[in-house]
Structures are given as structure tokens and as C-alpha cells.
Amino acid sequence: MPSHSTYSKGELKGYCSLYSVMNMGKDQSDDQVSSMKEAFMRFDTDGDGRIAPSELGILMRSLGRNPTQAQLKSIIAEENLSAPFDFPRFLDLMAKHMKPESFDRQLRDAFKVLDKDATGFVSVAELRHILTSISEKLEPAEFDEWIREVDVGSDGKIRYEDFIARMVAK
């Protein structure tokens, strides 16, 4: 098992993402609004409670969304954003135009970081190491509970699509 320091920056980001996706509930609206408010305030450089339409794209990207330039132009035109707007307006824009990725999609994308050979399988040992020792740590007993619900092959690997199906069903 590689040590924490041998993971690339991208791998660590992916592993931490895997942990956070697996631990988030399906209803995180308070946390999401709080994150959006924090990001919005960072872009409100003059403290007037408003940001310019030109900052919408970078603000959305700071929250993990990835709107294209065409999508941004469409939003700005459709919503008639010609002047700075406030946080409630931003929340409305996010709700209308930037639907969050589904839980299973986020989980699948996070697992792909571990599946470097695109086999559809991940090592239980590596998954245990990552989830119990990197970022916000998962308790080993919690990890064992999750793993009990999937078939572990004789090679010590799990098919992550099965794992995702069980996580999404909960």
C-alpha cells in the first residue's frame, strides 16, 4: 500500500472526494446553501451583498459545477442579468440552471479515481486505507459494515458498481 505522501495531488483530491461523496446524505440542502453563501461572500469583494454577472461562471465553478460559456451566456440572457445580483437571486439561478449531479454519478466518478485500469473493480485494502486514514477518517468498524454488504472477490477486490447500487438504495 503506498504511503499518503506517494499519492499525486489529483489522486488525493479524488480520494477525499470519494470519502465526502460516500458520507453525504441525499438531502444536504442546509450544507449546500451554507457552502453557496460562503462562496458568494468570497466573490462579493466590496461587501455590498451583490456580485456582477461576469463572476457567475467562476462562482459556479468554485462550487463544483462546470457550466460551459454557452450555458453561462444562455443563463445571463434568459435571466436578464445585466446588473449585479444578490445571494437569494444566485440561489434561484443555481436551482433553476445547475442541477447537482446525481448521487450515484458522483460516487461512480470518485471510484474511477481508484480504478486506474478501468476494470470496474477496486481493492478493498486500498479503499480501506484511503477511507480510514486520509482526510476526514472513517472508523474501521464503519468501513467493515459497508464492505459486508458487497461481494469481495478472492483477489480482495469489489465490483464498485455493486457497491454503488447498494449505497444508492439506502
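Q: Over residues 1-7, where does pLDDT stay in this predicted model, and how many contacts beyond four places in sequence are there?
A: In this predicted model, residues 1-7 keep a pLDDT under 50 throughout, and the model gives them 15 contacts beyond four places in sequence.

Q: What about residues 23-28?
A: There too pLDDT stays under 50, with nine contacts beyond four places in sequence. Where pLDDT is low, the predicted coordinates should not be read in detail.

Q: And what is the mean pLDDT of the chain?
A: The chain has a mean of 78, and 74% of its residues reach 70 or more.

Q: Changing topic, which residues have the most contacts inside the largest nonpolar core?
A: They are Phe40, Leu56, Leu59, Met60, Phe85, Phe90 and Met94, in a core of 18 residues.

Q: Which helices each supply at least two residues of this core?
A: Helices α2 (29-43), α3 (56-62), α4 (69-78) and α5 (87-97) do so.

Q: What is Leu56 in contact with, leaving aside its neighbours within four places in sequence?
A: Leu56 is in contact with Leu72, Ile75, Ile76, Leu81, Phe85, Phe90 and Leu93.

Q: Which residues are among those of the other core?
A: Apart from the largest core lies another of 17 residues, including Leu127, Phe143, Ile158 and Ile164.

Q: Phe143 is in α8; which residues of that helix are buried?
A: In α8 (residues 140-148), Phe143, Trp146 and Ile147 are buried.

Q: Why do they line one face of the helix?
A: Seen down the axis of α8, the buried residues fall within an arc of 95 degrees, so they line one face.

Q: Which residues are exposed on the other side?
A: Ala141 and Arg148 are exposed on the other side of α8.

Technical notes:
Residues are numbered from 1 along each chain as its sequence is written. This is a predicted model: local features need pLDDT of at least 70, side-chain atom pairs count only at pLDDT 80 or more; totals for chains, interfaces and linings use all residues. Side-chain values use heavy atoms; hydrogens and water are left out. Buried means under 20% relative accessible area, exposed over 50%, partly exposed in between (1.4 Å probe, protein chains only). Helices (H or I, at least four residues) and strands (E, at least two) are DSSP runs, numbered from the N terminus. The arc is that of the directions from the helix axis to the C-beta atoms. A nonpolar core is a set of buried Ala, Val, Leu, Ile, Met, Phe, Trp, Tyr and Cys residues joined through side-chain atoms within 4.5 Å. Contact means heavy atoms within 4.5 Å. pLDDT is the predictor's confidence in each residue, from 0 to 100.
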